[in-house]
Amino acid sequence: MADKFEQLDAVVVGAGFGGMYMLHLLGRMGLSVRGIERGSDVGGTWFWNRYPGCRCDVESMEYSYQFSSELEQEWEWTERYSAQPEILAYANHVADRFGLRDSIRFNTEVTGATWRSEGSAWRVQTSQGDEIEARFLIMATGCLSAANVPDFPGRDQYQGNTYHTGAWPPEGIDFTGQRVAVIGTGSSAIQSIPLIAQQAADLTVFQRTPNYSIPAQNGPLDPQVAARIKQNYADVRARNRAQPAAFGADYPRNTDSALDATPQARKERFEAYWQHGGFMFLAAFGDIAMNMEANALAADFVRGKIREIVKDPDTAELLCPDTVLGCKRLCADTGYFATYNRPNVHLVDVSEHPIERLTKEGLVTNGQEYQFDSIVFATGFDAMTGALLRCNIVGQAGMSLKEKWSAGPRTYLGLMTEGFPNLFMMTGPGSPSVLANMITGVEHHAEFIARLIGWLDEQGLAQVAADRSAEDQWVDVVNLRAGATLYPNCNSWYLGANVPGKPRVFMPYVGFPDYVATLKTVEETGYQGFAFA
Ligand code: NAP
C-alpha cells in the first residue's frame with residue numbers, strides 16, 4: 001500500500017495557468033480534486049523560465065485570464081510586455097485570490113498513471129509515494145516544459161557551470177567576470193543574450209540556425225491605454241478571440257497582398273510594423289504566412305534591418321536567416337542584433353561543424369576547443385509531447401501513451417486520445433495551443449472539459465473517450481490546415497524536428513477561431529466524436 005492513498009474525482013497535473021484554472025472550475029463544481037506540481041510553487045512555465053530577459057511576447061493586457069472581471073480590473077501590469085517576475089507574481093496572486101494552493105501538492109512529480117477498467121478510474125503514482133485513484137486525469141503539463149539538452153559526448157566531463165534556460169536557478173546567476181557560452185538562438189537565447197552580454201566578461205554564442213527577430217518595442221505600459229482597455233475589456237477579449245492567434249485585435253491585420261504593393265509602399269508598411277514591434281509584423285500583409293513570394297519580401301526586409309544594425313558584415317551575414325519567415329516561431333527582442341556590436345560578444349556558426357563534444361573546460365567544434373566558466377543551454381524543449389510522455393501513462397489494454405504515439409501524437413480535438421478514457425490534455429497536440437495566446441487557450445479548454453465532466457455526471461455516465469474514427473479524421477484536419485500554410489517548410493519544434501529521433505508531425509492546429517467554433521458545434525450536437533460508457 002502506498003504511503004498516502006486518496007480517492008478523488010479528479011487529478012490535475014501541473015499548476016501553471018491551465019492547471020490553476022482547471023482546479024478552480026472543478027472545485028467550484030464541488031468535485032474533489034488534487035493538483036500535482038513538479039515545482040515548489042505555481043506558475044508553470046513562468047516558474048521555471050527565470051533566465052535574464054525572460055518576458056512574454058504577447059502584450060500584458062492580452063496575456064491574462066479573462067474568466068474574472070474583478071481580477072481583470074484589479075491587476076495592474078507595468079510594461080507593454082510583462083517580464084517573468086511580474087507574470088509569476090500574477091500567477092501567485094491568482095492562486096491566493098481563488099484559494100488554490102491548498103489543493104496542490106508541490107515538489108511532486110507524476111511517475112505513473114494507469115487506467116483501471118474495473119473502477120473506471122485512473123491510478124496515479126507520484127514521486128512522493130502518493131497513490132491517488134481519480135475518475136478523471138487532466139494533464140495541464142504545458143507545451144514547453146520538458147527541457148531538451150542535447151546529448152553531447154563528454155557532458156559529464158565539463159567542470160564549469162551548466163544551465164538550461166527552462167530550469168533557471170530561482171536565485172539568479174551573476175555572470176560578472178565570466179567567460180560564458182550560449183548554445184542556441186531561439187526565443188530564449190534571443191531574450192537572454194543581450195543581458196548576459198552586459199554582465200559577462202566574454203560571451204560566445206553558438207548558432208546552428210539564425211532566427212528572425214522583430215524588436216518588441218517594449219516599454220512602460222501607458223496607464224491611459226490600460227484604463228481604456230479595462231473600460232471595454234469584454235469587447236477587447238471578444239475581438240481578440242476572433243483573431244487567428246487570439247490576440248492583436250487592436251492593431252490592423254491587413255488582408256492585401258505584399259505582391260500588389262509598390263516597393264516604396266511595401267517598405268513603408270514593413271517599417272511601420274517593425275516600429276510597432278513583435279508578432280504583429282506578420283500582419284503587415286495578408287499573405288506573408290501563406291505565400292512564398294510574399295514571405296520572401298518580408299524576410300528580405302528583416303535581413304536588411306539586420307545588416308543595418310550589425311556593424312561587422314561577416315557577423316551580419318551569419319545572423320541573416322534564409323528560411324521561411326515565421327516558419328520557426330518568430331522571436332521578439334530588445335537589442336538582440338545590436339548586442340553583436342559589443343567587443344565582448346562573439347558568434348560561432350555550428351551549422352556545418354556541429355558541437356562535437358564537451359571537454360573538462362569547454363566545448364569543441366570544428367576541431368577547436370573554446371573554454372568557458374559557464375555554458376547556457378538555450379536549446380529548447382521536447383515540445384508538446386515531452387511532458388505528457390514522461391508521466392508513464394498507460395491506457396486501456398495495457399497500451400502506453402508512448403506506444404500509441406510512437407509515430408507521432410494522435411488526438412481528437414487535441415483534448416483526448418483514443419484508448420485513454422477520462423484522460424484530458426489541456427492544449428494538447430492537435431489544438432491551437434502554441435499558435436495562440438496560451439492563457440486564452442487554456443481557459444477555453446478548461447471550460448470545455450469542466451462542462452463535459454458536468455454533463456457526464458448529469459447523464460450518470462462514468463466514461464468518455466475519443467472515438468477512433470473521429471481521431472483519425474481530426475489528425476487529417478490538423479495536417480490539412482498546416483499544409484495550407486508555410487509552417488511545414490522548416491525544421492521547427494512545431495514538427496518535433498529539434499529532438500533527434502522524434503517523429504516529424506506538425507502538432508498544433510492552425511486557427512483559433514475555427515477551432516473554437518468546432519468545439520462549440522461538437523458540444524451543441526451531443527459531443528459528437530466522443531464515445532461514452
Ligand atoms: P528553441 O526555439 O527550440 O531554440 C533552441 C535553439 O537551440 C535553436 O537555435 C536550436 O537550433 C538550438 N539547438 C538545439 N540543439 C542544438 C545543438 N545540438 N547544437 C546547436 N544548437 C542547438 O527553444 P527556445 O528558445 O527555448 O524557445 C522555445 C519556445 O518557447 C519558443 O519558440 C516560444 O514558443 C517559447 N518561448 C516563448 C517566449 C516568450 O513568449 N517570450 C520566450 C522564450 C520561449 P536549431 O534552430 O538549428 O534547431
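This report covers one small set of features in a predicted model: a three-stranded sheet, aromatic pairs and charges placed over rings.

## Three-stranded sheet

Strands β13, β14 and β15 form an open sheet in the order β13-β14-β15, and their pairing is antiparallel. The edges are β13, residues 355-358, and β15, residues 368-371; each of these strands pairs on one side only. On average, and with direction ignored, neighbouring strands of the sheet are turned by 25 degrees against each other.

The contact between β13 and β14 can be described further. Strand β14 spans residues 362-365, runs antiparallel to β13 and is joined to it by three bridges. L358 has L363, in β14, as its bridge partner.

## Aromatic pairs

Across the whole structure, a search finds 44 aromatic pairs. One is formed by Y251 and Y273, whose ring centres are 5.0 Å apart; the planes stand at 65 degrees, over the 60 degree limit, so the pair is edge-to-face. The pair links distant parts of the chain, with the two positions 22 residues apart in numbering: Y251 lies in the loop between α7 (233-241) and α8 (263-276), whereas Y273 belongs to helix α8. The two tyrosines also fall into separate accessibility classes. Y251 has a relative accessibility of 23% and counts as partly exposed, while Y273, at 3%, counts as buried.

A further edge-to-face pair is made by Y487 and Y494, with 5.5 Å from centre to centre and 80 degrees between the planes. Y487 has a relative accessible area of 19%; this is under the 20% cut-off, so Y487 is classed as buried. Y494 is buried as well, at 3% relative accessibility.

## Aromatic cluster

Phenylalanine, tyrosine and tryptophan residues come together in one aromatic cluster. The phenylalanines in this cluster are F17, F67 and F98. Its tyrosines are Y21, Y63, Y65 and Y90, and its tryptophans are W46, W75 and W77.

## Arginines over rings

Two arginines are placed over phenylalanine rings. R50 lies over the face of F47, at 4.8 Å from the centre of the ring. R269 takes up such a position over the face of F285, where the distance to the ring centre is 4.5 Å.

Notes
Residues numbered from 1 in each chain as written. Predicted model: local features only at pLDDT ≥ 70, side-chain atom pairs only at ≥ 80, totals over all residues. Heavy atoms only, no water. Pairing = 2+ DSSP bridges. Helix = DSSP H or I, 4+ residues; strand = E, 2+ residues; numbered from the N terminus. Axes fitted to C-alpha atoms, helices over the stretch in contact; angles between N-to-C directions. Phe/Tyr/Trp six-rings, centres within 6.5 Å; stacked < 30°, edge-to-face > 60°. Buried < 20%, exposed > 50% of the residue type's maximum accessible area, 1.4 Å probe, protein only. Lys NZ or Arg CZ within 6 Å of the ring centre and 35° of its normal.
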